[in-house]
Amino acid sequence: MKILIILIILLALVINLSATLVEDEEKDAFPTYGSLRGANRFLAQQLRGLLKCNKNPRLCRVKGSVGPDCCKKKCVNVKTDKQNCGLCGKKCKNQEICCKGKCVNPLADKRNCGGCNNRCKKGNSCVYGMCSYA
């Protein structure tokens with residue numbers, strides 16, 4: 001009986017020592033953390049601070065980011081963001097959208113008719129977001 005217990009302990013030890021850790025080659029750009037319940041306040045502050053671009057501007061340039069620019073502690077693309085069009089804090093009006101960093105009205109703009117970079121043919125106008133409507 002003693003020999004059987006010793007064999008089981010040795011087998012468990014061998015399995016435990018032979019197990020290897022598998023590491024991902026690509027690290028996740030935006031690590032997801034579980035619930036902070038039970039974590040101390042210092043740790044919670046550290047995790048939140050790492051995910052804000054004002055403290056780490058390079059965060060906005062990683063793969064999967066919303067945009068390469070940091071405005072008000074958030075990553076944005078100032079070429080397409082309606083709330084930060086062209087530069088941080090410049091808001092487009094209600095019906096306008098942001099195309100290449102400029103606020104345009106897609107319902108009437110010949111160069112951005114119905115959306116960014118949708119040009120109307122020469123001589124046509126943009127009405128209600130459609131070229132040569134009527």
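## Cysteine pairs, a pocket and some loops

At 30% relative accessibility, Cys-70 counts as partly exposed. That class fits because the value falls between the 20% limit for buried residues and the 50% limit for exposed ones. Keep in mind as you look around that this structure is a predicted model.

Who is the partner of Cys-70? A disulfide links Cys-70 with Cys-53, and the distance from S to S is 2.0 Å. The torsion about this S-S bond is about 75°, so the disulfide is right-handed. Cys-53 sits in the loop between helix 2 (41-50) and strand 1 (69-71), while Cys-70 belongs to strand 1, so the bond ties together parts that are 17 residues apart in sequence. Unlike the partly exposed Cys-70, Cys-53 is buried, with a relative accessible area of 1%.

How many disulfides does the structure hold? There are eight, and two others are worth a visit here.

One of them joins Cys-60 to Cys-75, with an S to S distance of 2.1 Å. The torsion about its S-S bond is -85°, and this link is left-handed. Distant parts of the chain are connected again: Cys-60 is in the loop between helix 2 and strand 1, Cys-75 is in strand 2 (residues 74-76), and the two are 15 residues apart.

Another forms between Cys-99 and Cys-116, whose sulfur atoms are 2.0 Å apart. Here the value about the S-S bond is -85°, which goes with a left-handed link. Cys-99 comes from strand 3 (residues 97-99) and Cys-116 from the loop between strand 4 and strand 5, 17 residues away along the chain.

Are these other four cysteines buried or exposed? The table shows how each one is classed.

| Residue | Relative accessible area | Class |
|---|---|---|
| Cys-60 | 3% | buried |
| Cys-75 | 17% | buried |
| Cys-99 | 6% | buried |
| Cys-116 | 37% | partly exposed |

Cys-99 also leads us to the largest pocket, where it is one of the lining residues. The volume of this pocket is about 200 Å³. Alongside Cys-99, the lining includes Lys-100, Lys-102, Val-104, Asp-109 and Arg-111. Asn-112, Asn-117 and Arg-119 complete the list. Sorted by class, the lining has five charged, two polar and two nonpolar residues.

Lys-100 deserves a second look. This residue is found in the loop between strand 3 and strand 4. Lys-100 is exposed, because its relative accessible area of 64% is over the 50% cut-off. Its backbone has a notable angle too: phi is near 55°, a positive value in a residue other than glycine. Most residues other than glycine have a negative phi.

Where can you find another positive phi? Tyr-128 has one, near 55° as well. Tyr-128 lies in the loop between strand 5 and strand 6 (130-131), and it is exposed, with a relative accessible area of 59%.

Our last stop is Gly-114. Its place is in the loop between strand 4 (102-104) and strand 5 (126-127), and it is exposed at 53% relative accessible area. Which residues does Gly-114 touch, leaving out those up to four places away in sequence? They are Pro-106 and Gly-129. The C-alpha atoms of Gly-114 and Met-130 are separated by 6.1 Å, although these residues are 16 apart along the chain.

How values were computed. Residues numbered from 1 in each chain as written. Predicted model: local features only at pLDDT ≥ 70, side-chain atom pairs only at ≥ 80, totals over all residues. Heavy atoms only, no water. Helix = DSSP H or I, 4+ residues; strand = E, 2+ residues; numbered from the N terminus. Buried < 20%, exposed > 50% of the residue type's maximum accessible area, 1.4 Å probe, protein only. Contact = heavy atoms within 4.5 Å. Disulfide = S-S within 2.5 Å. 1 Å grid on protein atoms, 1.4 Å probe; cavity = no way out; pocket = protein on both sides within 12 Å on 5 of 7 lines; lining within 4 Å. Points joined across faces, edges and corners; volume = space filled by probe spheres on them. Nonpolar A, V, L, I, M, F, W, Y, C, P; charged D, E, K, R; others polar.
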